[in-house]
Amino acid sequence: MSAAAAPRILVVSPNWIGDAVMAQPLLQLLRAARPDTPIDVLAPPPVAPVWRQMAEVDEVLQTPFRHGALQLRERWRYARLLRARGYDAAYVLPNTLKYALIPWLAGIPRRVGYKGESRHGLINVMHRDDTPPRPMVAFYAALAGAPGPLGAAPPRPALAVAPAQIAGACAGAGLDAGRPLLVFAPGAEFGAAKRWPAAHFAALARLALLAEPRRQVALLGSPKDEAVCAEVAAAAGGLAAVHNLAGRTSLAEAIALIAKAEAVVANDSGLLHIASALNRPVAALYGPTDPDHAPPFSDRSAAISLRLDCAPCRQRECPLGHQNCMRGIEPALVWRRLGELLSAPAG
């Protein structure tokens, strides 16, 4: 890279889709502070499509590393490639040592992040999260300023999807773009405890189709969610209007279908936060996780939680064996809240 080339900013992505979405306001703040500086994002392949839907991102670089492996030699080689791109600042969002190594090895002079694991020296603008837990959006946005309390409330995450992308995703999924679309996200990467029962999702689908026979219901998720989505479809009675698309769309196509949706019903998952960032009406279902930590933030949203005494336990499986925090959320309650969202004025 020539000496006259303009400097760039590097953002090192979290490993989770939802966290990547909730980090987007950081990019809004960086762009506002340095409007002429290109922002690149270094992201794992499963998360990269989310960053490509952000207007502030100039280029997404996919990490070539295996999950969980240090691969010091590979990181050193990749850092040499980054050095040639001329970054003057890096924002390291994961709290691990191995991701902090890359900007340091690349010689990026300003390396911003949280204290994390043994990162003194690797991170030279060190933030500390010693306060009571903040919502994740504020947690990431704070890195745009000097270490210390965040001042004004951060902006809201925002993704953008082109109409052609929506049309292509509908055609590829066999959906009628002229009919209403309701999206369900029955999966949750963290564990079974976060999943609303498949029978409840099926009952909600029947209520939605009874109210509007032209409606289509799309079940979205990764290949890991195929089984639970198949269970929802079967419990719904094999209705033709219920489309099990789990594992049959790319993440970019799933994002486009969510952008098309009249509303989204989701467990606490990455697809929930994508729906919020697309400003779709969202009914979010919380059991073992805290609705105040990562709430939906669209104009029309409902965080539905029974707030039982045993919640939030933050466990992958219910330690008491009953999962009452999710089973107790009745489909009729969710349908009522969903109806309120659909009838409320936008904005």
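What covers the buried residues of α2? In this predicted model, the cover of those residues includes β1, α1 (17–22), β2, α3 (48–51), β4 and α6 (136–141). Helix α2 itself runs over residues 24–33, and its buried residues are Q24, P25, L26, L27 and L30.

A second helix, α4, can be followed in more detail. Helix α4 takes in the 12 residues 72–83, which at 1.5 Å a residue should span 16 Å, and the C-alpha atoms at its ends are indeed 16 Å apart, so the expected and the modelled lengths agree. The residues of α4 that are buried are R75, Y78, A79 and L82. When one looks down the axis of α4, these buried residues fall within an arc of 110 degrees, and therefore they line one face of the helix. Turned away from that buried side is a face that carries the exposed residues R73, R80 and L81. On the buried side, the residues of α4 pack against the strands β1 (8–12), β2 (39–43), β3 (59–62) and β4 (87–92), and also against helix α5 (97–105). Strands β1, β2 and β4 thus appear here as well as in the cover of the buried residues of α2.

Further along the chain, helix α7 covers residues 163–173 and contains I166. With a relative accessible area of 19%, I166 counts as buried, because the cut-off for that word is a value under 20%. Once the neighbours within four places in sequence are left aside, the residues in contact with I166 are V161, A256, A259 and K260. I166 and I255 are 89 residues apart along the chain, yet a distance of 8.6 Å separates their C-alpha atoms.

Several loops also deserve a careful look. In the loop between β10 (263–267) and α11 one finds D268, a buried residue whose relative accessible area is 10%. Apart from neighbours within four places in sequence, D268 is in contact with A188, K194, H273, L285, Y286 and T289. The loop between α11 (270–277) and β11 (282–286) holds N279, whose phi is near 60 degrees, a positive value in a residue that is not glycine. N279 is partly exposed, with a relative accessible area of 28%.

Another loop, the one between β12 (301–305) and α12 (324–327), contains P312, and a cis peptide bond with an omega of about -5 degrees joins A311 to P312. Q323 also has its place in the loop between β12 and α12. The phi of Q323 is near 50 degrees, which is again a positive value in a residue other than glycine. Is Q323 buried or exposed? Its relative accessible area is 12%, and Q323 is therefore buried, since this value is under 20%.

Q323 leads on to a pocket. The second largest pocket is lined by 14 residues, and those that lie nearest its centre are A192, R195, P197, Q323 and R327. This pocket has a volume of about 220 Å³, and its lining divides into seven nonpolar, three polar and four charged residues. Q323 thus brings together two parts of the description, as a residue of the loop between β12 and α12 and as one of those nearest the centre of the second largest pocket.

Key
Residues numbered from 1 in each chain as written. Predicted model: local features only at pLDDT ≥ 70, side-chain atom pairs only at ≥ 80, totals over all residues. Heavy atoms only, no water. Helix = DSSP H or I, 4+ residues; strand = E, 2+ residues; numbered from the N terminus. Expected span 1.5 Å × (residues − 1). Buried < 20%, exposed > 50% of the residue type's maximum accessible area, 1.4 Å probe, protein only. Arc of directions from axis to C-beta. Contact = heavy atoms within 4.5 Å. 1 Å grid on protein atoms, 1.4 Å probe; cavity = no way out; pocket = protein on both sides within 12 Å on 5 of 7 lines; lining within 4 Å. Points joined across faces, edges and corners; volume = space filled by probe spheres on them. Nonpolar A, V, L, I, M, F, W, Y, C, P; charged D, E, K, R; others polar.
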